[in-house]
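Trainee: Got a minute? I'd like to go through this structure and ask where the labels come from.

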Amino acid sequence: MIFRILEGRVAQEFNDAKAADRRYMQLALALGRRGRGRTWPNPAVGAVVVKDGVILGRGWTAPGGRPHAEPQALARAGEAARGATLYVTLEPCSHYGKTPPCCDAVISAGIARVVSAVEDPNPEVAGQGHARLRAAGVTVDVGLYADEAARDHAGHFRRVRDKRPHVILKLAVSSDDRIAAAGHTPVAITGAAAQARVHLLRAQSDAILVGIGTVRADDPLLTCRLPGMEGLSPVRVVLDTHLRLKPASRLAKTARQTLLWVVTGPSSEAPAAAILGAEGAQIVRLPAGPAGLSLPDVLHDLARRGITRLMVEGGARVAASFVGAGLVDEIWLLRGPRAIGDDGVPALDAMPLTAITQSLDWLTRATETLGSDTLTIYERA
């Protein structure tokens, strides 16, 4: 009887410890998301220091990628961190970059245990951080909420493994799968709640990309305009093979306030580049063939510049090109309740939208109702 009671207590304590691990890792994941869209080229990591059920320090990657999450959490914990547990959403780094190795800071702080969500695929880390911690006598547990952490760090993983950003395609379509009226005339498709969600997605992206056709038709700003978040706008990227972007466009006129990269071909006119450059735009010249710019080349160049999460917002031809080339990782499909008509612009140019909605290549991750609109998020199977 006594053995059974003791066994029950041990099991309860084990379950309580596992529940605490889950709770603190969920907090670390939430903290890491605070930096999403602002930490590139580094991943947006979250960290929590806990001892005896008390949270001693919290941290998340700062804008620009440094300081990292772990030293911030450890600094807030101070001497109390000795003997504590560190929860972190990505393996602590083990190499010297623009900051010293985080695993050295963890060891110096006297942390007794590290709960790490996922190993860092960066070849400069790739398990070496965990190995150095274990060699120093730190208990290391890896894999708690690994799938969720991998999704949060998808941009970092994609940039390391494939030398391109994680690509999120946003489509706002009418009930009859159109994105604009005849002649590419802009029309309101979704309501305020859906539009606010798009602006939040912009703020959580490193960069947003459109084609020159969308710019000439809509003259967009491509900024985040949620109250209090105006300073969180992503880098604006325009695909413009022949450099047709007008200096009087809203993008060009705001290039000094929000970064604007215009990706063009090698033969576009130098005077046009000089005029846009004088407005503050950065001109990026890449090879171009008869069909225009190479999307893989564009993505590789963006990754080289540090972009990890790219939001593609249009237009129809650009969206179809990304989907057709297999370069999209997530699709955010917003659908409004009104029809535009057969003369409207199809969402994916000549490609039917069923190439996404009825394809085995795409899985539905989430569905939401936003006012009178619906949002469906797909991820690659």
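Here is a back-and-forth on how the labels follow from the values.

Mentor: Sure, and keep in mind that this is a predicted model. The protein chain has 13 helices and 18 strands, and its C-alpha trace spans about 80 × 45 × 35 Å along the principal axes. Of its 381 residues, 49% count as buried.

Trainee: What makes β11 and β17 the edges of the open sheet of nine strands?

Mentor: The strand order is β11-β10-β9-β8-β14-β6-β15-β18-β17, with mixed pairing. β11 (282-285) and β17 (362-370) each have a single partner strand, so one side of each has no neighbour in the sheet. Neighbouring strands in this sheet are turned by 20° against each other on average, direction ignored.

Trainee: How do you know that β17 and β18 pair?

Mentor: Pairing takes at least two bridges between the strands. β17 and β18 (residues 373-380) are joined by eight, and they run antiparallel. One of those partnerships puts W362 opposite R380 in β18.

Trainee: Which helices pack on that sheet, α11 and α12 included?

Mentor: Helix α11 (residues 295-304) touches β6 (166-173), β8 (207-211), β9 (235-239), β10 (260-264), β11 and β14 (309-314), and its direction makes about 160° with that of β9. Helix α12 (residues 316-324) lies across β6, β8 and β14, at about 135° to β6.

Trainee: Which residues touch the most other members of the largest nonpolar core?

Mentor: L171, L209, L302, L310, F322 and I356, out of 36 residues in that core. Elements giving two or more residues to this core are β6, β8, β9, β10, α11, β14, α12 and β15 (330-335). The largest share, five residues, comes from α12. As for F322, leaving out residues up to four places away in sequence, its contacts are V167, L209, L295, L299, V312, L327 and V328. There is also a second, separate core of 34 residues, with Y24, A69, A73 and L90 among them.

Trainee: What makes β1 mostly covered?

Mentor: Five of the six residues of β1 (residues 46-51) are buried, and buried takes under 20% relative accessible area. As for its pairings, β1 is joined to β2 (residues 54-60) by six antiparallel bridges, with G46 opposite W60. β1 also pairs with β3 (residues 85-88) in the antiparallel sense over four bridges, where V49 has L86 as its partner.

Trainee: What lies between β1 and β2 in their hairpin?

Mentor: Two residues, and D52 in the turn has a positive phi of about 55°.

Trainee: Which residues of α2 are buried, and what do they pack against?

Mentor: In helix α2 (residues 69-77), the buried residues are A69, E70, Q72, A73, L74 and A77. They pack against β1, β2, β3 and α3 (102-108). Just after α2, G78 has a positive phi of about 65°.

Trainee: Why is the Y24 and Y87 pair called tilted?

Mentor: Ring centres have to lie within 6.5 Å to pair, and tilted covers plane angles that are neither under 30 degrees nor over 60. The centres of Y24 and Y87 are 5.3 Å apart and the planes are at 50°, so the pair counts as tilted. Y24 is in helix α1 (residues 2-33) and Y87 in strand β3, 63 residues apart, so to speak of this pair is to speak of a link between distant parts of the chain. Both Y24 and Y87 are buried.

Trainee: And what makes W40 and W261 an edge-to-face pair?

Mentor: Edge-to-face takes planes over 60 degrees apart. W40 and W261 have 85° between the planes and 6.3 Å centre to centre. W40 lies in the loop between α1 and β1 and W261 in strand β10, so the pair ties together parts 221 residues apart in sequence. By this rule the count of aromatic pairs comes to two.

Trainee: Why does W261 count as buried?

Mentor: The cut-off is under 20% relative accessible area. W261 has 6% relative accessibility, so W261 counts as buried.

Terms used:
Residues are numbered from 1 along each chain as its sequence is written. This is a predicted model: local features need pLDDT of at least 70, side-chain atom pairs count only at pLDDT 80 or more; totals for chains, interfaces and linings use all residues. Side-chain values use heavy atoms; hydrogens and water are left out. Axes are lines fitted to C-alpha atoms, for helices over the stretch in contact, and angles run from 0 to 180 degrees between N-to-C directions. Contact means heavy atoms within 4.5 Å. A nonpolar core is a set of buried Ala, Val, Leu, Ile, Met, Phe, Trp, Tyr and Cys residues joined through side-chain atoms within 4.5 Å. Buried means under 20% relative accessible area, exposed over 50%, partly exposed in between (1.4 Å probe, protein chains only). Rings of Phe, Tyr and Trp (its six-membered ring) pair if their centres lie within 6.5 Å; planes under 30 degrees apart count as stacked, over 60 as edge-to-face and the rest as tilted.
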